[in-house]
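Here are my notes for you to read alongside the structure. Have the 3D view open and follow along as you go.

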Amino acid sequence: MPGPRGLPYVGSALDYEDDPLGWMIGTRAEYGDVVRLDPESIVVHDPRLVHHVLVETNADFILDNSFVGGRRGRQELLAGLPEWMSVRRYLNRGVVRPVLLAHVGRIEQRMSRTVSLLAGREVDLFFEAQRLLGTATADYCIGGGDDDVDEVASAVEEVFWASLEVTDSNESRLPIGRRPVARRARALNTGLVELLTDLVRRRRAAPRPDTPRDVLDRLLDHPLNLPDREIVGVVRLLIVTSHGPAGAALAWCLLSLAEQPNLLRAVREEIATTPVRPDRLPGEDWPLTSAVLKETLRMHPPNWMMGRTAVVPTPFGPHRLRAGERVLFSPYLIHRDPRHWTDPEVFHPERWLTGARPHTEHAYLPFGAGTRICPGARLGPVQLAIAVATIVRDYTLTLPPLATVRPATSTLLVPVKAIGHWTPLAAAVPPAGS
Ligand code: HEM
C-alpha cells in the first residue's frame, strides 16, 4: 500500500495528529487516492471506493460508534446491530408527514422564542446552534406528549459535550481505571438513561393515541414490543447524535451568509415572500435557501472525517485489506476536490440550482451513504431551514469573517469561538434622517 515510510508501530499517526488536513493533502498529492496512515489504517480519497465501503457496511465493514451508541465495546455493538437496523427501517417508514408537520409547528415557536431571547447578546455561535438544533430533535423524539423537552435536551447536551471530551482527550491510551473524562461521561449518561427510562414508563402507562405524535409514540407501538431499555437507547442515540452535526451546520451557514450581504438579502426575501403552506415543510419551497444549506454542507461537512473497519479480509480496488484494518475518508476533502467539483473553494449556492448534478458520482456525502446513512438526512435540512428562517427573516447578523474562524478538526468540524450576535432588523436600520 503506498504511503510515507513513517515510524515503527505508529506509522505516520503522529504527523497526522499534528495536522490531519495538511497531512492528507500532502500525501494525496504524493501517493494518490489510497494512502497508508499507520499499520492499522489507510486513508482513501476516491469517492467510488468510499461509496463501496459505505454500501458494504454491516457486511464486510463495521461502523464502530460503540461509545456514542452507548454500547460497551465491539461485541455488544455487533450483538445489537440487527435490532438497531430493524428500528431504523421501522422509523423510516413510520415517522410520517403528519408527525413531521406537527413537529415543525412546535419547533417554529420554540426557536422563535429562543432566538428572540438571545437577540443582542454576544453568543458563541456553535454553542447556541447545537442547543437550538439538539432541542429541536428532542422535540421530534418526545415533544408530542406532555414531557419536558428542555429537561431532556439539557441532559442530552451534557452527554454530548462529555462524549466530545472523551474522543478529544485521547484517554483510550490510559489504563481503563484511569480515565476520569470517560468516567464523568458515563455518570452523565447514566443520569440521562434514568431520566428517559422514567419518561418511557410514564408514556407507556398513559392511553395510546390513535396516530403517533413523535418518535417515542412510534417506538412504543413497535410490533415486537420493544423493551424500555431498547426504546431509551434509540431515543438517546437520536438526540445525542443530532446536537453536533446539525449545530455545526447552522453555525457555518450563518457565518457564510453574514459574509455575503447580497445572498443574505436574497435568502431573506425568499423566506419572507414564500410563506410555508400548511401541507408543506420549510425549505421545500425555498430553492435558494435549500441551495445555501447544501453548499454549507459541501464546504463545511460537520462529519468531516469518517471511517469503517474491515471485519473480514476483503479486496479493495487493486489492494487487499486485512480483517481489523480501518478505512478512513474525508467528506471535507472530497467536497473540495477540483477533480470532482468546479471552483470547489468558492461558496456558490447557485451550482445547486441548474438542475444538473454539480459533482462527479458519489462525491457529495454530508450525511454519509449506504446502509448507515444518517437517519436524520431528511429531518436535518427541515430543522435547519426553520432555524435559518427564524434568524434571517427578522434579524441582522454581526459575525466574525469566515477567514478568521478556526475550525476544530477533532470529532466534528466546528467553528471555534465564533463570537457574534444578531439584532432585530428594525433596530439595525438607522432612523430616517439620522
Ligand atoms: C445537518 C444535520 C446532520 C448532519 C450533517 C448529519 C450527519 C451524519 C453523518 C455523516 C452520519 C453518518 C456517520 C457515519 O457513517 O460514520 C450520521 C449518522 C447519524 N445521524 Fe446524523 N446528521 C445530521 C442530523 C441528524 C439528526 C437531526 C438526527 C436525529 C434525528 C441524526 C441522527 C443520526 C444517527 C442516530 C446516526 C447514526 C446512524 C447509525 O449508526 O446507523 N442526525 N449523521
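What follows is a set of numbered points on sheets, helices, the ligand and two loop residues.

1. One thing to keep in mind from the start: this is a predicted model. Treat each point below as a description of that prediction.

2. Let's begin with the sheet of 5 strands. Reading across this open sheet, you get the order β1-β2-β8-β5-β3, and the pairing is mixed. At the edges sit β1 (34-38) and β3 (61-62), each of which pairs on one side only. As a reminder, strands of a sheet pair through backbone hydrogen bonds, in either a parallel or an antiparallel way.

3. Now walk through that sheet pair by pair. β1 and β2 (residues 41-44) are antiparallel, with 4 bridges, and they make a hairpin with 2 residues between them. To find the pairing on screen, look for aspartate 38, whose bridge partner in β2 is serine 41.

4. Next comes β2 with β8. These two run parallel and are joined by 4 bridges; isoleucine 42 stands opposite valine 327 in β8. Then β8 (residues 326-329) meets β5 (residues 306-310), again through 4 bridges, but here the strands run antiparallel. Glycine 307 has leucine 328 of β8 as its bridge partner. Check the strand directions yourself and you'll see where the mixed pairing comes in.

5. There is also an open sheet of 3 strands, ordered β4-β12-β9, with antiparallel pairing. Its edge strands are β4 (123-124) and β9 (395-398), each pairing on one side only. Between β4 and β12 there are 2 bridges, and valine 123 is partnered with glycine 420 in β12.

6. On to the helices. A packed pair is described by the angle between the two axes and the distance between them. For α5 (residues 97-118) and α14 (residues 379-394), the angle is about 35° and the axes are 10 Å apart. The crossing is right-handed.

7. Which residues of α5 and α14 meet? From α5 they are Leu100, Val104, Ile107, Glu108, Met111, Ser112 and Val115; from α14 they are Val382, Gln383, Ile386, Ala387, Thr390 and Ile391. Sorted by class, this contact has 9 nonpolar, 3 polar and 1 charged residues.

8. Now look at the ligand. It is surrounded by 24 residues, and the closest are Pro245, Gly368, Cys374, Gly376 and Gly380. Two elements give two or more residues to this shell: α10 (228-259) and α14. The most come from α10, with 7 residues. By class, the shell has 15 nonpolar, 8 polar and 1 charged residues. So far, then, α14 has come up twice: it packs against α5, and it gives residues to the ligand shell.

9. Finally, two loop residues deserve a look for their backbone angles. Asparagine 58 has a phi near 85°, a positive value in a residue other than glycine. You'll find asparagine 58 in the loop between α3 (47-55) and β3. Asparagine 58 counts as partly exposed because it has 18 C-beta neighbours inside 10 Å.

10. Lysine 417 also has a positive phi without being a glycine, with a value near 45°. Its place is the loop between β11 (413-416) and β12 (419-424). Is lysine 417 buried or exposed? Lysine 417 is exposed, because it has 12 other C-beta atoms within 10 Å, and the cut-off for exposed is 12 or fewer.

Conventions:
Residues are numbered from 1 along each chain as its sequence is written. This is a predicted model: local features need pLDDT of at least 70, side-chain atom pairs count only at pLDDT 80 or more; totals for chains, interfaces and linings use all residues. Axes are lines fitted to C-alpha atoms, for helices over the stretch in contact, and angles run from 0 to 180 degrees between N-to-C directions. A crossing is left-handed if the near helix is turned anticlockwise from the far one by less than a right angle, and right-handed if clockwise. Two residues are in contact if their C-beta atoms, placed from the backbone, lie within 7 Å. Ala, Val, Leu, Ile, Met, Phe, Trp, Tyr, Cys and Pro count as nonpolar, Asp, Glu, Lys and Arg as charged, and the others, Gly among them, as polar. A residue is near a molecule or strand if its C-beta atom, placed from the backbone, lies within 6 Å of it. Two strands pair if DSSP finds at least two bridges between them. A residue is buried if 20 or more other C-beta atoms lie within 10 Å of its own, exposed if 12 or fewer, and partly exposed in between; C-beta atoms are placed from the backbone.
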